[in-house]
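Dear colleague,

Please find the structure below, handed over for your files. My notes on its salt bridges and its ligand site follow.

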Amino acid sequence: MASDSLSITDNRTGKQYELPIADGSVRAADLRQIKTSDDDFGLLSYDPSLLNTATVRSAVTYIDGDAGILRYRGYPIEQLAEHSTYLEVVYLLLNGELPNKEQLLEFEEDVRFRTMVLETVREQMETYRYDAHPMGMLLGSMATMSTYYPASRDVMDLESRKIQTVRAISKVATVAAWCYRHTLSYPFIYPDNDLTYAGNFLNMLFRMVEPKYVPNPVIERAIDVLFILHADHEQNASANAMRAIASSQADPYSALAGAIGSLSGPLHGGANEAVIRMLQFIGRKDNVPEFIKNVKDGTSGRLMGFGHRVYKNYDPRARIIKTLADQVFEVTGVNPLLEIALELERIALEDDFFVSRQLYPNVDFYSGLIYQAMGFPVEMFPVLFAVPRTSGWMAQWNEGVTDREQRIVRPRQIYVGEGERDYVPINQR
Ligand code: CMC
């Protein structure tokens, strides 16, 4: 008997099976041989919300949730946040290795070359209502890109994939900035390719009448670091949506629209928005104990920005963001909600309810405070998450479509509905 195997006895039949174990997993399809009769479909694994199922083999991002470790292509997030730039990290995520000088310059030039969007994007943007949520506008605008770039349907073509990848990463910043300008009814600002990715993003967001926008270096670097921290996070809900949609060989913009939709929910990328609303609801540091009590009773919902499916330790991104917040607040002034957030964290980290459930601050707990101090309205927060996550989604997409083991995603179900029954005419019901 192989040592790397799992022995199973089916007590229904008394039959024994030996399933190989590789990479700490058994293949769910191997369970299918376990049958009670020839016409039995075979044993299924039931895993609602994929709590314990690996659906891909991926070389992009590594997380050890118990130890609080996050690495892109092997590089610790702390080192990347300290020494790298967002576009260098994007290159790394896409290509697997850090670029040399020429490769980086060429890649930066490639991204810059594509910052412009068609005027039809602007026209579409203008059709959204003045109070449309920017995440909905971003989703719609990215989906429409599939109509502008029909070659994006050639998903098995390497050259087309390379172009769509850079295109999406470049244009998402322009579209995101314009979503913001639309909510203010401000004129759209066209890209300034003299600036860095983060600097140009700030230009398209905030430029008023000055002939040349000059980003504050601290804010520009903070955006760049936040983008590094948000670039990828392996198989989360939106990456899974991206891969699942793309598994039918749909074009990447349609898949991106699905991923953006998934990210928009308050349990995922919408959480940073929910954190600020929660802190505003709490209102004062003195109200924190009462709020925590209500969270524990279940009368105040969840403590937003706390907890994670994978991290059962302090989210390493939250630690970096907390330090970053101090640097940003030196420029913008301290966000008055910080005091409430710090008190919430202090009390929660000492409270058995949160400790026993291993609930620690996640990436969204402090990021919203920074965004708010920079002047963004809360509705823009998930958009600020989606811009850098586009690079992770594209890396996951490229890996997925070239993985020969991947086929169209098609989960099974356990049917619990009625058995066959005859149609009853309406006048007899
Ligand atoms: N506040 C209070 N209780 C919580 C929280 C929270 N934030 N998160 C989990 N719990 C409790 C939950 O009620 C459950 O308790 P019990 O065992 O008594 O029923 C236990 O902890 C386990 O929770 P779960 O819902 O099974 O955990 P999950 O892995 O399904 O959910 C999560 C993970 C992130 C959705 C959840 O922790 C949550 O809702 N957090 C608040 C929203 C949030 O901050 N989301 C951002 C996640 S990080 C960024 C991203 O991924 O986009």
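**Salt bridges and ligand surroundings**

E345 counts as buried, at 6% relative accessibility. Please bear in mind that this is a predicted model.

The side chain of E345 meets that of K322 in a salt bridge, with an N to O distance of 3.3 Å. E345 belongs to helix α14 (residues 338-350) and K322 to helix α13 (residues 316-332), so this pair ties together parts that are 23 residues apart in sequence. Unlike buried E345, K322 is partly exposed, its relative accessibility being 29%.

Helix α14 holds a further pair: R346 forms a salt bridge with E350, and the closest N and O atoms are 3.7 Å apart. R346 and E350 are separated by about one helical turn, because they stand four residues apart in helix α14. R346 has a relative accessible area of 43% and is therefore partly exposed, whereas E350, with 59%, is exposed; the cut-off for exposed is over 50%.

A pair within one helix also occurs in helix α8 (residues 217-230), where R221 and D224 lie three residues apart, about one turn of the helix. Their side chains meet in a salt bridge of 3.5 Å, N to O. R221 counts as partly exposed at 30% relative accessibility. D224, at 9%, counts as buried, since buried means under 20% relative accessible area.

Beyond these pairs, E119, R122 and E126 are linked in a network of salt bridges. The search of the whole structure finds 22 salt bridges. As general background, side chains of opposite charge can pair when their charged atoms come close.

I turn now to the ligand. There are 20 residues around the ligand, of which H268, R302, L303, G305 and R309 come nearest. By type, the shell divides into 10 nonpolar, six polar and four charged residues.

Several polar contacts to the ligand can be listed:

- R302 places a polar side-chain atom 2.8 Å from an oxygen atom of the ligand.
- G305 has a polar backbone atom that is 2.8 Å from an oxygen atom of the ligand.
- N362 has a polar side-chain atom lying 2.9 Å from an oxygen atom of the ligand.

The ligand exposes 930 Å² when taken alone, and the protein buries 72% of that. R302 and G305 thus appear in both accounts of the site: they are among the residues that come nearest to the ligand, and the contacts listed include a side-chain atom of R302 and a backbone atom of G305.

With kind regards

Key
Residues numbered from 1 in each chain as written. Predicted model: local features only at pLDDT ≥ 70, side-chain atom pairs only at ≥ 80, totals over all residues. Heavy atoms only, no water. Salt bridge = Lys/Arg side-chain N within 4 Å of Asp/Glu carboxyl O. Helix = DSSP H or I, 4+ residues; strand = E, 2+ residues; numbered from the N terminus. Buried < 20%, exposed > 50% of the residue type's maximum accessible area, 1.4 Å probe, protein only. Near = heavy atom within 4 Å. Polar contact = N/O pair within 3.5 Å; in protein donor to acceptor, adjacent residues only side chain to side chain. Areas by Shrake-Rupley, 256 points an atom, 1.4 Å probe, with all protein chains shown as cover. Nonpolar A, V, L, I, M, F, W, Y, C, P; charged D, E, K, R; others polar.
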